[in-house]
Every structure is written in C-alpha cells, then in structure tokens.
Number of protein chains: 2
Amino acid sequence: MIGEIIAIGDELTSGRVLNTTSCFAAGQLFTAGHEIFAMATIPDTPAEIGAALNRAIKRSDFLIVTGGLGATSDDLTNEAVGNALGRPIEFRQDVFEKISARLPKIDGQETRHLEKLAWLPAGAEMLNENARMAGYLLIHEQKPIFFLPGVPHEMKELLAERVIPRLALWKKGGDAKHVRQKVYKVFGLGETEINHRLDSLENDDDRIRIGYYPVFPEVHISLSIIEESAAETESIFLQHDDEILKLLGDSLFGTDEETMESLVGKILMEQGKTLATAESCTGGLVSHKITCVPGSSEYFAGGVVAYSNDLKERFLDVAPILLEEHGAVSSQVARAMAAGIRARTGADFGVSVTGIAGPTGGTKEKPVGTVFIGLSTPDETIDIPCRFPGDRWQVQELTAVKSLDLVRRFLLGIKLETT
Amino acid sequence: MIGEIIAIGDELTSGRVLNTTSCFAAGQLFTAGHEIFAMATIPDTPAEIGAALNRAIKRSDFLIVTGGLGATSDDLTNEAVGNALGRPIEFRQDVFEKISARLPKIDGQETRHLEKLAWLPAGAEMLNENARMAGYLLIHEQKPIFFLPGVPHEMKELLAERVIPRLALWKKGGDAKHVRQKVYKVFGLGETEINHRLDSLENDDDRIRIGYYPVFPEVHISLSIIEESAAETESIFLQHDDEILKLLGDSLFGTDEETMESLVGKILMEQGKTLATAESCTGGLVSHKITCVPGSSEYFAGGVVAYSNDLKERFLDVAPILLEEHGAVSSQVARAMAAGIRARTGADFGVSVTGIAGPTGGTKEKPVGTVFIGLSTPDETIDIPCRFPGDRWQVQELTAVKSLDLVRRFLLGIKLETT
C-alpha cells in the first residue's frame with residue numbers, strides 16, 4: 001500500500017526538535033512492504049493540518065499522522081481533524097473513565113487537562129484499548145488514518161503493535177507485492193569507492209535498486225527488491241546478496257540491525273573473551289557504545305577515562321618516562337594504556353585511545369585529529385596511528401568506531417595496518 | 001519570508017536515515033525571522049521531485065532543497081530540477097575545472113564520477129564559489145531556490161554562510177517582521193505540570209506563543225514573539241521572559257543553546273573546581289556527555305567505568321563488606337564509589353552511578369530502573385535513590401542527566417532531596 005506520513009508540531013517546523021518519529025515510521029512501514037509516497041512536517045496550525053490531511057487522503061492508501069494529541073494548549077490535532085474531515089468532536093465518556101482510572105498513578109495532573117484527551121473526532125477507535133496512551137484510528141473515505149502521539153516511545157509502540165498489524169489485515173486482497181531489503185554496513189571505505197565497486201550490479205539488473213547512505217562515520221548500502229511473487233523476490237535477492245558480500249570484503253562489518261558495538265559484543269561472546277577500555281580524547285564514548293548493548297556486562301570488564309597524565313600513570317601504570325619523551329598523544333602511550341587497562345582489569349583484550357579531539361590542543365606536529373589507538377592482547381600490544389578530519393564530535397565518533405573496528409578485525413583474524 | 005524545505009532521498013523516506021538537515025535548516029531559518037510553511041521529505045524519484053518543486057514554488061517565497069546532488073547513480077536532483085523547471089542541464093566547464101583542481105586531494109575518486117557534479121540546470125549559481133562542495137542557487141519565477149547537498153556538515157555550512165545572508169538581502173524591502181525566540185530547558189518537571197504553571201501567561205496575552213517540547217529526558221519550552229517593530233517585539237519579550245524564569249524556578253537548568261553538561265562545565269569553571277566520575281550502569285555515558293563539551297579537560301579530572309564488583313574494589317576502593325552486605329546497587333556503594341573516585345583522582349567532586357539499566361538484572365526488591373547516584377564533596381558524601389521508568393536507553397539517559405543535575409544543584413546551593 002502507498003502511505004503518507006504527516007508530522008505535526010511547531011517544535012518540528014521551527015527545527016527545535018528532530019523529527020525522529022517520521023523516520024522510524026517510514027522504516028517500519030517500508031520493511032512491512034509499504035511504499036512511502038511523501039512525508040510532511042507541518043506546524044500546529046489547524047488550517048494547515050486540515051489542508052495536509054485532505055491533500056494526502058486523495059493520493060494515498062493510508063495515512064499516519066503524528067503529534068498534537070496531548071493535553072496541553074498547543075495540541076490542536078483533534079479539533080483540526082474534526083473540521084477538515086467534517087466530523088464533530090465528541091466527549092468520549094468511556095475514554096475519559098479509562099484515563100481517570102489510572103489518574104492517581106500519573107503524578108498529580110489535574111482533571112481539566114485530562115478531559116481534553118477524551119474529546120475525539122466521531123468514529124475514532126482508540127488504538128490502545130485501555131487508553132493508556134493517546135492514538136486512534138479513523139476510517140475515512142474507506143481509507144485508514146492512524147493518529148499517533150508525538151512522544152517517540154509511545155508512537156513507536158503503537159506503530160509496531162497496532163498500526164502495522166492492522167495494515168497487514170487491510171492489505172489482504174489488495175496488491176500483494178513482496179519486498180526484500182537488506183542493509184550492508186561499511187566502515188573505512190568512502191561512498192564513491194563503494195559505488196564504484198557495486199555499480200555494475202545495478203546496471204546489469206533493473207529489478208534491483210541499490211542505495212548509498214552515509215551515516216557518519218559509516219556508509220550503509222541498501223539492496224531493495226519489490227516483485228509480484230515471493231519466490232521471484234527471494235531468488236533475485238539471494239543472487240545479489242552473495243555478490244555484494246564479496247564486493248564489500250572485510251570493510252563490511254555488519255548487516256541490517258547490527259551495529260559495530262553489537263557485532264564486537266557478539267564475537268567476544270562467541271569467543272568467550274572480555275574487553276576493557278582506556279580512553280583519553282573520547283572521554284567514555286567507546287565504553288558508552290559498548291554498554292549500550294544489553295548484556296554487555298558479560299564481555300565488558302570496565303574502563304578508565306584518563307584525560308590527564310597523572311591519571312594515565314595512576315590508573316593505567318603508564319610510565320612517566322613515556323609521557324615525558326613521547327607525549328600523551330603517541331604510539332608508545334597508546335600501547336602502554338592498552339597494556340595497562342588489560343593488566344589492571346584482567347580482561348583478555350585492552351583497547352586504548354589517545355588523541356587530540358579539538359578544537360584546541362593541536363600543534364604543528366600533532367594537529368587536531370591526531371589519534372593513536374592501542375590494542376593489547378595476550379600475545380602482543382600494537383597500535384594504529386590515525387589522523388581524522390572534522391570537528392570535535394566527528395573526531396570522537398571516528399576514533400570510537402575505529403577502535404571498535406580494530407577489535408573486530410583482530411578477533412576475526414583480518415590483517416591489520418599497525419605501526 | 002515564508003519558506004519551504006524539501007529533503008530528497010530514498011534513505012529518508014525508507015526511514016533508514018534520520019532527516020537531521022531539515023530540522024537544522026528550519027531552526028536556522030526560524031531564528032533568522034522566516035516562517036516555515038511546510039517541510040517535505042520525498043524519495044529520489046524525478047517525477048516526485050518535480051511535483052514537489054512546482055507545488056512549493058507557487059505557495060512559498062523561497063525554497064530550500066537538500067539532497068541528491070552527489071556523484072553516485074542514485075543522485076537525481078539536477079535532472080529532475082531541469083525537467084520540472086524547464087531548464088536544460090548544461091555541462092559547466094568552470095565548475096568541472098574547479099572540482100578537478102582539487103582532485104588529487106580527494107582519495108582517488110575517478111573523473112567520470114566527478115563529471116556528474118558539473119552538469120547543472122541553466123542559470124545555476126554555485127553557492128561555494130570554489131565548488132568545494134555541491135550546492136547552487138536558482139532564481140525561478142523571481143523566487144530563490146537553494147539546492148544544498150544532503151551531507152549534514154556541508155549543508156549546514158552552506159546554509160549558515162551562504163543561504164541565510166542571501167535571504168537577508170532578499171528580504172530587505174519585503175515585510176520586515178521581527179522575531180524573538182527563547183528556549184527554556186527544564187529537567188525534573190513533567191510537561192503537564194509546566195503547562196499548568198505557564199498556562200495563564202499565554203491566555204492573558206495573545207501576542208506571545210508558548211510551545212512545550214519533550215526532548216527526553218528534558219522538557220523544552222519556547223517563547224516566541226513576532227511583531228512588526230523591533231522595539232515592540234523586545235518589550236513584549238522582556239516582560240514575559242522574567243515571569244517564565246520565576247515560574248519555572250530551579251527546575252530550569254538552562255536556556256537556548258545550553259545543555260546540562262555545558263552548564264555544569266560553566267559553573268565548575270567559574271568556581272574553579274574539578275569533577276570525576278565513577279559509573280556502573282551508565283557505562284561511560286556521564287563522562288561522555290561531560291567530554292562532548294570543548295574545553296572540558298579544564299574541569300574534568302577523569303573517570304572509571306566499573307561494571308563488576310571486582311573493579312569497584314580495585315579502582316574505587318569500595319570495601320568488599322559493603323558490596324556483600326548491601327549489594328552493588330545500593331546507597332552505601334554509590335557513596336563509596338563517589339568518595340573513591342574523588343580520593344583517587346584528587347578532584348573536588350566525585351559523582352557516581354550504580355543501578356540496573358535492564359533489560360535483565362532486576363529483582364523484586366531492586367527492579368530494572370533502580371539507581372543510586374552518589375556525590376562526594378570536600379565536606380560530605382551523599383546519595384539519591386531513584387527509580388526510573390523505561391527501557392535500557394531511557395534508564396541510562398535519565399540516570400546520566402539526573403547525576404549531572406545533582407552536581408548542578410549542589411554547585412548552585414539548591415536544596416537536595418537525598419537519602
């Protein structure tokens with residue numbers, strides 16, 4: 001089915017809040033086999049909400065509308081919907097009772113605010129039957145319009161658990177196209193180089209579509225196939241999947257939902273090994289990435305953020321002579337930090353980072369972006385000198401992902417370019 | 001002026017990449033006094049690009065179009081623009097020469113890819129005169145259309161340095177409305193409670209507009225005033241700014257560009273104090289936030305990520321008896337961690353975090369979301385027991401911001417609710 005996503009909110013059109021919900025919705029709907037015709041972001045202005053609704057309902061099979069369902073005075077969606085679609089706004093006693101029933105649990109909100117949540121356009125069917133959150137379905141001109149809250153985690157829950165299944169039922173009897181999509185994630189190769197490697201695939205077969213998406217500091221490549229039959233889709237997919245894996249080689253670190261940190265975690269688990277971190281210029285970003293993954297306590301021993309020379313000595317046993325002779329940002333200190341954290345924590349591997357993230361601190365010999373990444377293993381301690389472009393945030397991100405990629409490459413036995 | 005933002009890219013409509021550039025552009029344009037009529041996100045489909053352009057040019061004073069200007073095969077904007085606006089696509093020798101001139105510096109890209117960048121719609125004026133990046137201006141039906149690259153940092157640079165100044169010139173002689181906006185950032189109060197406090201302000205004066213934006217785990221409140229004269233705008237602003245500051249009280253931690261971590265850093269600098277961190281369940285998120293701020297090495301001594309009991313003993317001198325008797329997630333251990341990192345680093349303050357971020361590890365007495373935050377100062381060591389809702393990510397975010405807020409409140413002498 002062809003759908004359209006409309007996000008409502010002054011906070012979005014004034015640029016103050018990033019519209020993450022439309023992006024999430026588009027991804028989920030696309031994966032579920034729907035096509036997104038357009039995504040619109042509009043202000044909390046009733047006339048504009050109405051115009052957008054009427055424009056979209058004509059050209060799409062279904063609509064997802066997010067935002068403006070709350071209890072505060074700038075939430076105007078229900079009123080605008082009522083006017084635009086010619087439906088009276090009714091006070092829903094059943095909805096209000098459900099909301100009131102959980103009232104004592106909601107941190108002393110006043111009733112007059114909550115009443116607003118129960119004024120809904122005629123025909124609205126609550127998506128969460130207990131009214132635990134705002135969000136309803138309207139069938140208008142035989143097309144489903146889903147109104148969802150703008151709060152990202154509520155919207156995501158309703159979309160995944162209510163909207164997608166409802167659309168799947170709806171779709172039966174409609175055009176049953178089969179979609180197959182796979183995302184390939186690459187670190188260390190530029191978009192142009194990747195495009196060059198995969199170019200011929202797309203030129204040789206117009207049944208596939210390849211997209212290139214820089215997601216700093218990675219590049220993601222998507223392979224998409226939409227055909228009438230499931231068997232046809234699958235056979236085209238298998239044929240190209242294999243070839244893409246080969247063409248991307250060991251710069252491909254993961255696919256689909258995998259992240260660099262989840263992948264490193266998976267390999268550590270499989271090999272029964274543990275990792276510890278010693279960070280200077282990344283300030284905890286490496287350990288933060290590692291510990292975003294549920295279950296990371298199984299393989300992550302811990303880490304130290306040692307900005308100063310003093311802490312590098314005290315927590316990581318870096319010899320003062322190394323700091324004096326080579327400076328904190330050096331191969332020697334990166335190695336000593338990696339070896340130090342490994343020894344101190346008893347982990348199988350220690351990874352370390354020392355560098356100049358900027359904007360200040362650069363010198364002629366060691367400009368901003370100069371970074372050394374160390375890795376200590378039971379057999380050896382190595383390091384990789386890097387010079388990264390960009391601002392503080394970019395240097396920190398590049399350094400963190402590169403350090404995890406170093407661990408990945410080592411664990412998988414891929415040849416390393418070390419000092 | 002009233003503008004419209006069109007973002008082009010399959011990666012956006014398939015939800016694979018978050019559209020950060022439209023959000024950034026909307027924010028910058030709004031701050032510069034323009035109104036955003038709508039933001040559209042559309043796929044890399046020439047017909048759809050053309051339709052969106054023609055629709056937008058009719059109803060807006062200017063357009064910002066981002067994406068699809070690159071050298072890869074899925075970049076189709078220029079072709080689509082040429083067709084939609086009836087302008088031939090021309091090979092621009094001048095542009096190509098500038099691009100080629102920097103060729104050796106760009107990591108071995110092939111010429112045939114770069115040639116594509118020099119095929120532009122007739123009348124295109126490069127925004128960066130050295131063609132260091134894609135992006136051009138077309139004046140169509142007397143309206144400026146800015147085509148910008150989708151790469152966020154390039155787009156941001158061109159928008160700030162080329163587009164906004166050009167629009168300011170354009171605007172002279174047009175309707176010169178004056179905009180004043182301020183954002184108030186709150187942590188620890190719900191949206192409904194804040195709305196309740198500020199309700200009367202908006203009801204009493206229809207020249208102001210107040211918006212409420214949950215930006216997890218914070219709530220941001222915006223005050224916007226748009227009037228004909230600068231003096232009028234400023235006087236209305238001053239009158240309400242003062243009142244809002246009073247109504248939000250000490251839950252207001254910052255305004256406009258300030259973040260919790262930049263604010264804590266500013267206060268530490270002003271007071272000439274240093275801070276160190278000891279983290280368990282946040283895994284480095286607290287130190288990562290602190291070190292995102294340029295110059296944080298001035299006041300951040302360093303930190304330890306101690307997941308295991310063993311590391312809590314070894315790096316933070318937590319007494320084994322405390323871990324045995326109270327468990328790692330307890331007031332006692334939070335305090336010992338804070339005191340330990342303070343003593344070990346010699347920092348003025350030590351802040352610690354121990355808790356259960358989930359999804360596993362919860363018990364009946366200490367369910368997922370149970371967190372203790374410790375703070376050690378030269379005079380005392382205290383802790384705050386918390387129970388946070390949400391998933392792993394939410395618990396980690398809430399914990400990190402709460403721990404920084406604890407430091408802020410202590411430094412500012414605000415009364416604390418401790419154990």
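Me: Which residue just after α15(B) takes a positive phi, and of about how many degrees?
Reply: Keep in mind that this is a predicted model. The spot to check comes just after α15(B), where the residue is B:G413. Its phi is positive, at about 75 degrees.

Me: What end-to-end distance does α15(B) have, and what should its residues span?
Reply: Helix α15 of chain B covers residues 392-411. At 1.5 Å a residue, its 20 residues should span 28 Å, so that's the figure to hold the model against. The end C-alpha atoms agree with that, being 29 Å apart.

Me: How many of the residues of α15(B) are buried?
Reply: Burial here takes a relative accessible area under 20%. By that cut-off α15(B) is mostly covered. Out of its 20 residues, the buried ones number 17.

Me: Is B:Q394 buried or exposed?
Reply: B:Q394 sits in helix α15 of chain B. Its relative accessible area is 9%, and the cut-off for buried is under 20%. So B:Q394 is buried.

Me: Which residues is B:Q394 in contact with, leaving aside its neighbours within four places in sequence?
Reply: Two of the partners belong to chain B, namely B:F216 and B:P389. There's also a partner from across in chain A. That one is A:H153.

Me: How much area do chain B and chain A bury between them?
Reply: The contact takes 84 residues from chain B and 84 residues from chain A. Of the area buried, 52% is on carbon and sulfur atoms. The total comes to about 6,700 Å².

Me: Which three residues supply more than any other three of the area that chain B buries against chain A?
Reply: On the chain B side, the top trio accounts for 10% of the area buried against chain A. The names are B:R16, B:Y213 and B:F315.

Me: How many salt bridges and how many residue pairs in polar contact does the rule find across the interface of chain B and chain A?
Reply: For salt bridges, the rule comes up with zero across this interface. Polar contacts are another matter, counting pairs with both residues at pLDDT 80 or more. Those residue pairs number 20.

Me: Which strand gives the most to the side of chain B that touches chain A?
Reply: The residues on that side divide into 32 nonpolar, 35 polar and 17 charged. The top strand spans residues 35-42 and puts in seven residues. It's strand β2 of chain B.

Me: Where is A:R55, and which residue of chain B is it in contact with?
Reply: A:R55 lies in helix α3 of chain A, residues 46-59. With 26% relative accessibility, A:R55 counts as partly exposed. Setting aside neighbours within four places in sequence, A:R55 touches A:E48 and, over in chain B, B:R59.

Me: Which peptide bonds are cis, in the loops between β15 and β16?
Reply: Most peptide bonds are trans, so a cis one deserves a look. In chain A, the loop between β15 (349-355) and β16 (370-376) holds A:P359, and in chain B the loop between β15 and β16 holds B:P359. With omega near 0 degrees, the bond from A:G358 to A:P359 is cis, and with omega about 0 degrees so is the one joining B:G358 and B:P359.

Me: What phi does B:Q142 have?
Reply: B:Q142 is in the loop between β7 (136-140) and β8 (143-148) of chain B. At 70% relative accessibility, B:Q142 counts as exposed. Although B:Q142 is not a glycine, its phi is positive, at about 60 degrees.

Terms used:
Residues are numbered from 1 along each chain as its sequence is written. Chains are lettered from A and ligands numbered from 1 in the order in which they are written. This is a predicted model: local features need pLDDT of at least 70, side-chain atom pairs count only at pLDDT 80 or more; totals for chains, interfaces and linings use all residues. Side-chain values use heavy atoms; hydrogens and water are left out. Helices (H or I, at least four residues) and strands (E, at least two) are DSSP runs, numbered from the N terminus. Buried means under 20% relative accessible area, exposed over 50%, partly exposed in between (1.4 Å probe, protein chains only). Contact means heavy atoms within 4.5 Å. The expected span of a helix is 1.5 Å times one less than its number of residues. Buried area is the accessible area (1.4 Å probe) that two parts lose on being put together, summed over both. A salt bridge is a side-chain nitrogen of Lys or Arg within 4 Å of a carboxyl oxygen of Asp or Glu. A polar contact is a pair of N or O atoms within 3.5 Å; within protein, one must be able to donate a hydrogen and the other to accept it, and residues adjacent in sequence count only if both atoms are side-chain atoms. Ala, Val, Leu, Ile, Met, Phe, Trp, Tyr, Cys and Pro count as nonpolar, Asp, Glu, Lys and Arg as charged, and the others, Gly among them, as polar.
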